[in-house]
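Thanks for coming, everyone. I'll take you through one chain, from the overall picture down to single residues. Please have the structure open while I talk.

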Amino acid sequence: MLYKEDVNNTVKITKGFKYRIYPTESQKQMMEQTFGNVRFVYNHFLNMRSEEWKNDHKSICYNKTSSLLTDLKKEEECSWLNLSDSMALQESLRDLDRAFQNFFKKNNDYPVFHSKHEKQSYRTRNQNNSIRIEGNRLILPKIGKVKIKLSRDIKGRILNATISRTKTGKYYVSLCCEYKEDIKINNGGAIGIDVGLKEFYTDSNGTVVDNPKYLANYDKKLLKEQKKLSRMIEMNIDHYTSNRVPVYKKPLSECKNIQKQRVKLARIHEKISDCRSDLLHKASTTLVKENQIIAVEDLNVKGMIRNHKLARSINDVSWSEFHRLLECKAKEYDSVFIKVPRFYASSQTCHVCGYKNALVKDLRIRKWTCPVCGSHHDRDHNAAINILNEALKMLDSV
Ligand SMILES: [Zn+2]
């Protein structure tokens, strides 16, 4: 979601609407061709840009790759590139360019090649109404009319469409739309949020919001099925080469039970991600409705994920996604979403007197007493109050 504020108390909102689609066999084939083609284009130009970077430390810009793509499509051995939606190929180049820009700005690691084993998707742009809804059909460039389940109303003008296939073989479209909406009124509160590992978060009012139990149950199930899959693969190993690469009795793609198990695992992954996104949406909506000011700590989630002991839980609560949703929704309700810099010692500082207690660095300490003013603190509640206070200070100084 993206927003632009307006003078007339309205906001311009850019939001994705996701629907399940049911392509016919021939439409599926066309989509597969496009998934493959956008992947080819992405990888081909990633390789080219990498070589250029390595050899001359020069960066090829988007426009250059775009004109090189036009040349490539004229070559006979690449004529199959013309079979797919040309806009999708251009969008793939834009994605690649964005990946490089993010790398240059040090927001991301160096771009990596796309694999056919990941979730497949492509994005295409609406030009002269080339993407539209007609009854219960979605019109897509090159594909034609696709059956769509309109599970909710679409709003505004369609900017682009992302078509995707999950590992379990379901097809979806996310329609990115632009529309104007009146700014809603929030209830005027101010809240600091300390996201946790065990709990989802603790706020400055002392409310603890737990991670739902069903997520933990799915995790257990996931672990069990993952073990099953590893056993199946192990059983199929004939021997190892001298550098410990397994040689299989039968190629894995031909083992029906292994393929079935992989789909089973992917289904559990899908369930988990659906539940998680539901939780994040509900929690963020409640927070922006209730509060004028919402303060969080700007966590370096990427840095923390590298420390893999914490990785699973951090991934599970998906903090960065939570922040993104809060930031977007805050604008709808005219609330202020503010990130407090992460070097700010929110857990260690007594919110009453400001004394910094270095002993509290130890994550195992859940409760502590301030040696200076004698206040008793719950670690996370104290942190949430500090985050809010720091945010208020930042707002004051603007
Ligand atoms: Zn104190």
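**A walk through the chain**

We have 9 helices and 17 strands in this chain. Keep in mind that this is a predicted model. The C-alpha atoms fill a box of roughly 80 × 65 × 50 Å along the principal axes. There are 398 residues, and buried ones make up 26% of them. Now the contacts. Take those between residues at least 6 apart in sequence: 65% of them join residues at least 24 apart.

Let's go inside. Which residues have the most contacts within the largest nonpolar core? They are Val38, Ala161 and Val173, in a core of 28 residues. Several elements feed that core. Two helices supply at least two residues each: helix 1, residues 25-56, and helix 3, residues 86-104. So do four strands: strand 5 (137-140), strand 6 (144-149), strand 7 (157-165) and strand 8 (171-182).

Stay with Ala161 for a moment. Leaving out residues up to four places away in sequence, Ala161 touches Arg123, Thr124, Ile131, Leu140, Val173 and Leu175. Val173 you have just met, as another of the residues with the most contacts inside the core.

There is also another core, lying apart from that one. This one has 26 residues, including Trp319, Tyr333, Ile387 and Ala391. As background, nonpolar side chains in soluble globular proteins tend to be buried together.

Next, helix packing. I have three pairs.

Pair one is helix 1 with helix 3. Their axes are 9 Å apart, at an angle of about 40°. The two helices are therefore oblique to each other. Helix 1 passes helix 3 in a right-handed crossing. On the helix 1 side, the contact uses Thr34, Asn37, Val38, Val41, Tyr42, Phe45, Leu46 and Arg49. Helix 3 answers with Ala88, Leu89, Ser92, Leu93, Asp95, Leu96 and Phe100. By class, that is 10 nonpolar, 3 polar and 2 charged residues. Note Val38 in that contact; Val38 is also one of the residues with the most contacts in the largest core.

Pair two keeps helix 3 and brings in helix 2. How do these two run? Helix 2 covers residues 62-74, the axes come within 10 Å, and they cross at roughly 150°. That makes helix 2 roughly antiparallel to helix 3. The crossing is right-handed. Tyr62, Thr65, Ser66 and Leu69 in helix 2 meet Leu89, Gln90, Leu93, Arg94 and Asp97 in helix 3. The class count here is 4 nonpolar, 3 polar and 2 charged residues. Look at Leu89 and Leu93 of helix 3: they meet helix 2, and they are in the contact with helix 1 as well.

Pair three is helix 5, residues 256-290, with helix 8, residues 319-332. Their axes come within 9 Å and cross at roughly 40°. Oblique, therefore, for helix 5 and helix 8. This crossing is right-handed. Helix 5 brings Leu280, His281, Ser284, Thr285, Leu287 and Val288. Helix 8 brings Glu321, Phe322, Leu325, Leu326, Lys329, Ala330 and Glu332. Count them by class and you get 7 nonpolar, 3 polar and 3 charged residues.

Now some single residues.

Two have a positive phi without being glycine. Asn128 has a phi of about 50°. You'll find Asn128 in the loop between strand 3 (120-125) and strand 4 (132-134). Is Asn128 buried or exposed? Exposed, with 5 other C-beta atoms within 10 Å. Lys142 has a phi near 70°. Lys142 lies in the loop between strand 5 and strand 6. With 17 other C-beta atoms within 10 Å, Lys142 is partly exposed.

Two more residues sit close in space to distant parts of the sequence. Ala384 is in helix 9, residues 379-397. Ala384 is buried, because 31 other C-beta atoms lie within 10 Å. From Ala384 to Gly206 is 178 residues in sequence, but 8.3 Å in space, C-alpha to C-alpha. Ala384 touches Gly192, Ile193, Asp194, Thr202, Asp203 and Ser204, again not counting residues up to four places away.

Last one: Ala345. This residue is in the loop between strand 15 (336-340) and strand 16 (367-369). Ala345 counts as partly exposed, with 14 C-beta neighbours inside 10 Å. Ala345 and Ile387 are 42 residues apart in sequence and 9.2 Å apart in space, C-alpha to C-alpha. And Ile387 takes us back to the 26-residue core.

Note on methods: Residues numbered from 1 in each chain as written. Core = buried A, V, L, I, M, F, W, Y, C linked by C-beta atoms within 7 Å. Buried ≥ 20, exposed ≤ 12 C-beta atoms within 10 Å, placed from the backbone. Contact = placed C-beta atoms within 7 Å. Axes fitted to C-alpha atoms, helices over the stretch in contact; angles between N-to-C directions. Parallel < 35°, antiparallel > 145°, perpendicular 65-115°, else oblique. Left-handed = near helix turned anticlockwise from the far one by under 90°. Nonpolar A, V, L, I, M, F, W, Y, C, P; charged D, E, K, R; others polar.
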